[in-house]
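Work through the exercises below with the model open. Each task is followed by its solution in steps.

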Number of protein chains: 2
Amino acid sequence: MAELAKALSHPARIAILKLLAEMDTCICGEIVQELPLAQSTVSQHLKELKACGLVQGEIDGPRSCYCINWDAMKELRDSIGILFTGLERGNRNKCC
Amino acid sequence: MAELAKALSHPARIAILKLLAEMDTCICGEIVQELPLAQSTVSQHLKELKACGLVQGEIDGPRSCYCINWDAMKELRDSIGILFTGLERGNRNKCC
DNA sequence: GATATCAATCGTATATTTACGATATTAGAT
DNA sequence: ATCTAATATCGTAAATATACGATTGATATC
């Protein structure tokens with residue numbers, strides 16, 4: 001879980017995930033155009049997102065096609081959900 | 001949001017949050033006992049969790065009392081939720 | 001006031017992350 | 001076969017994160 005959270009711990013990667021989530025077409029280097037980062041840097045972030053499973057990649061001719069792995073996103077949401085069980089119970093603290 | 005995610009990006013901090021969420025009493029140095037880390041390290045993690053608002057602290061005599069800030073947790077859940085709108089729509093990808 | 005306890009902070013060594021330019025790789029176009 | 005465009009990878013510098021021991025600070029107890 002910490003691993004998945006780490007993927008979300010950088011603004012650039014969140015921006016990438018948002019882009020992929022919004023565009024239904026799985027863009028590739030269009031991401032580079034949208035972000036103020038070098039191509040190699042974006043490629044590196046995409047690699048990390050792919051490594052932890054949050055996105056999938058497909059080599060489509062000379063260009064690459066990335067898209068969100070919604071199953072992994074579901075897992076992420078569920079695992080984070082554990083932390084919020086207290087919210088549903090309306091937990092209040094004894095002190096603080 | 002990246003800032004909050006970063007707080008969750010380390011196993012020790014997740015462990016601390018879980019401890020605080022489970023025990024209704026706001027423990028302090030008991031956390032040190034539960035984790036295989038030095039006191040100073042735990043203190044540092046607590047400081048980070050406090051800095052991003054996920055936990056609150058109170059100095060109670062010679063000891064410190066920490067507890068979860070449930071409002072901040074709610075915000076975290078909501079902000080992360082943005083990424084999952086596609087899940088509710090049953091999003092499927094065009095490719096990959 | 002001296003002492004003990006709990007926790008925060010400091011200093012520091014090591015590891016990891018981040019970003020970039022340069023280079024390599026791949027496949028379509030000429 | 002060559003050239004071009006889109007990406008991935010490599011090498012590397014700078015910044016940040018992590019962990020620890022040592023020290024400091026605060027408060028209760030003797």
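**Exercise 1. The surface near DNA strand D**

How many residues of the surface near DNA strand D are nonpolar, how many polar and how many charged?

Solution. Remember throughout that this is a predicted model.

Step 1. Sort by class. The surface near DNA strand D has 6 nonpolar, 11 polar and 5 charged residues.

Step 2. Pick out the nearest residues. There are 22 residues around DNA strand D, and A:Cys28, A:Gln39, A:Ser43, A:Tyr66 and B:His45 come nearest.

Step 3. Assign the surface to elements. α4 (39-51) and β2 (63-68) of chain A each supply at least two residues, as does α4 (39-51) of chain B. The largest share comes from α4(B), with 5 residues.

**Exercise 2. Phosphate contacts of DNA strand D**

Which part of DNA strand D supplies 65% of its atoms within 4 Å of the protein? Then list side chains that approach its phosphate oxygens.

Solution.

Step 1. Split the atoms of DNA strand D that lie within 4 Å of the protein. Sugar or phosphate accounts for 65%, and the rest belong to bases.

Step 2. Take chain A. An N or O atom in the side chain of A:Tyr66 is 2.6 Å from a phosphate oxygen of DNA strand D. A:Tyr66 is also one of the residues that come nearest to this strand.

Step 3. Take chain B. The side chain of B:Arg13 places an N or O atom 3.2 Å from a phosphate oxygen of DNA strand D. For the side chain of B:Lys6, the corresponding distance is 3.4 Å.

**Exercise 3. DNA strand C**

Which elements each supply at least two residues of the surface near DNA strand C? Describe the contacts as well.

Solution.

Step 1. Name the elements. They are α4 of chain A, together with α4 and β2 (63-68) of chain B. The largest share, 5 residues, comes from α4(A).

Step 2. Name the residues. Of the 22 around DNA strand C, A:His45, B:Cys28, B:Gln39, B:Ser43 and B:Tyr66 come nearest. By class, the surface divides into 6 nonpolar, 11 polar and 5 charged residues.

Step 3. Divide the strand atoms. Within 4 Å of the protein, 60% of the atoms of DNA strand C belong to sugar or phosphate, and the rest to bases.

Step 4. Look at the phosphates. A polar side-chain atom of A:Lys6 lies 3.3 Å from a phosphate oxygen of DNA strand C. A polar backbone atom of B:Gly29 is 2.9 Å from a phosphate oxygen of this strand.

Step 5. Look at a base. A base nitrogen of DNA strand C is 3.3 Å from an N or O atom in the side chain of A:Gln44.

**Exercise 4. The two protein chains**

What turn and shift lay chain B on chain A?

Solution.

Step 1. Superpose the copies. A turn of 180 degrees, with a shift of 0.0 Å along the axis, lays chain B on chain A with an RMSD of 0.0 Å.

Step 2. Interpret the operation. This is the relation of a two-fold axis.

Step 3. Compare the contact residues. 100% of those of chain B recur in chain A, so the same surface serves both copies.

**Exercise 5. The fold of chain A**

How many helices and strands does chain A have? Follow up with its overall form.

Solution.

Step 1. Count. Chain A has 6 helices and 2 strands.

Step 2. Order them. Along the sequence the pattern is α-α-α-α-β-β-α-α.

Step 3. Judge the spread. The radius of gyration of chain A is 16 Å, well over the 12 Å that the globule rule gives for 96 residues, so chain A is more spread out than a compact globule.

Step 4. Add the box. Along the principal axes, the C-alpha atoms of chain A fill roughly 60 × 25 × 20 Å.

Step 5. Check burial. Of the 96 residues of chain A, 45% count as buried.

**Exercise 6. Two residues of chain B**

Is B:Ala7 buried or exposed? Treat B:Asn69 likewise.

Solution.

Step 1. Place B:Ala7. B:Ala7 sits in helix α1 (residues 2-7) of chain B. B:Ala7 counts as buried because its relative accessibility is 8%, and the cut-off is under 20%.

Step 2. List its contacts. Leaving out residues up to four places away in sequence, B:Ala7 touches B:Arg13, B:Leu49, B:Cys52 and B:Leu54.

Step 3. Place B:Asn69. B:Asn69 lies in the loop between β2 and α5 (70-81) of chain B. At 18% relative accessibility, B:Asn69 counts as buried.

Step 4. List its contacts. With residues up to four places away in sequence left out, B:Asn69 touches B:Gly53, B:Leu54, B:Val55 and B:Gln56.

Notes: Residues numbered from 1 in each chain as written. Chains lettered and ligands numbered in written order. Predicted model: local features only at pLDDT ≥ 70, side-chain atom pairs only at ≥ 80, totals over all residues. Heavy atoms only, no water. Near = heavy atom within 4 Å. Polar contact = N/O pair within 3.5 Å; in protein donor to acceptor, adjacent residues only side chain to side chain. Helix = DSSP H or I, 4+ residues; strand = E, 2+ residues; numbered from the N terminus. Nonpolar A, V, L, I, M, F, W, Y, C, P; charged D, E, K, R; others polar. Least-squares fit on C-alpha atoms with pLDDT ≥ 70 in both. Contact = heavy atoms within 4.5 Å. Buried < 20%, exposed > 50% of the residue type's maximum accessible area, 1.4 Å probe, protein only. Rg over C-alpha atoms; globule rule 2.2 N^0.38 Å.
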